[in-house]
Amino acid sequence: MVDILHRVGAVAPLDDVYAAVATPEGVARWWTAESTGESEVGGPLVVRFGDLGGFDMEIQELDPAGRVRWLVTQGP
């Protein structure tokens, strides 16, 4: 499959944006409440959307200076 890269701009302090995408708790506040995992490189991030399914991801990169990278390992 071809790589898909999403770049999203946000008008907010960098620390707030980083916490929103670098932790399962942060992801649960803006994407889906059914988010679990770990906030460490190599750790899992699992997001579910009720009966619709969801994604299993591996955290590939966590850089508080402005970059978070996830690898989808299972999903539609």
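Which strand does S35 lie in? I started my notebook with that small puzzle, and I found S35 in strand 1.

**Entry 1: how far to trust the model**

I reminded myself that this is a predicted model. I looked up the confidence next: the chain averages a pLDDT of 92, and 99% of the residues score at least 70. Among the elements of the chain, I saw the highest mean pLDDT, 97, in strand 2 (residues 44–48). The lowest mean, 93, belongs to strand 4 (residues 67–74). I kept a general caution in the margin: where pLDDT is low, the predicted coordinates should not be read in detail.

**Entry 2: back to S35**

Is S35 buried or exposed? I looked up its relative accessible area, which is 10%, and since buried means under 20%, S35 counts as buried. I then checked what its side chain reaches, and found the backbone oxygen of T32 at 2.7 Å. Leaving aside residues up to four places away in sequence, I listed the residues S35 touches: P24, V27, A28, V46 and V47.

**Entry 3: strand 2 and its partners**

V46 and V47 led me on to strand 2. Which way do its side chains point? I noted that L45 and V47 point to one face and are buried. P44, V46 and R48 point to the other face and are not buried. This fits a general pattern I had in mind: in a regular strand the side chains alternate between the two faces of the sheet.

Next I followed the pairing. Strand 1 (residues 34–37) runs antiparallel to strand 2, and four bridges join them. Here I found G37 opposite L45. The hairpin of these two strands has six residues between the strands, and G42 takes a positive phi near 90° there.

How many bridges join strand 2 to strand 3? I counted five, with strand 3 (residues 54–63) also antiparallel to strand 2. V47 turned up again, standing opposite F55 in strand 3. This hairpin has five residues between the strands, and in it G50 takes a positive phi near 60°.

**Entry 4: the largest pocket**

I finished with the open space. The largest pocket holds about 1,500 Å³, and 30 residues line it. L5, H6, V68, R69 and W70 are the lining residues nearest its centre.

Which element gives the largest share of the lining? I found that strand 4 does, with seven residues. Helix 1 (14–22), strand 3 and strand 4 each supply at least two residues of that lining. So ends my page, and I hope it makes a friendly first tour.

Notes:
Residues are numbered from 1 along each chain as its sequence is written. This is a predicted model: local features need pLDDT of at least 70, side-chain atom pairs count only at pLDDT 80 or more; totals for chains, interfaces and linings use all residues. Side-chain values use heavy atoms; hydrogens and water are left out. pLDDT is the predictor's confidence in each residue, from 0 to 100. Buried means under 20% relative accessible area, exposed over 50%, partly exposed in between (1.4 Å probe, protein chains only). Two strands pair if DSSP finds at least two bridges between them. A polar contact is a pair of N or O atoms within 3.5 Å; within protein, one must be able to donate a hydrogen and the other to accept it, and residues adjacent in sequence count only if both atoms are side-chain atoms. Contact means heavy atoms within 4.5 Å. On a 1 Å grid over the protein atoms alone, a cavity is a set of points where a 1.4 Å probe fits but cannot get out, and a pocket is an open set with protein on both sides within 12 Å along at least five of seven lines; lining residues have an atom within 4 Å of a point. Grid points are joined across faces, edges and corners, and a volume is the space filled by probe spheres set on the points.
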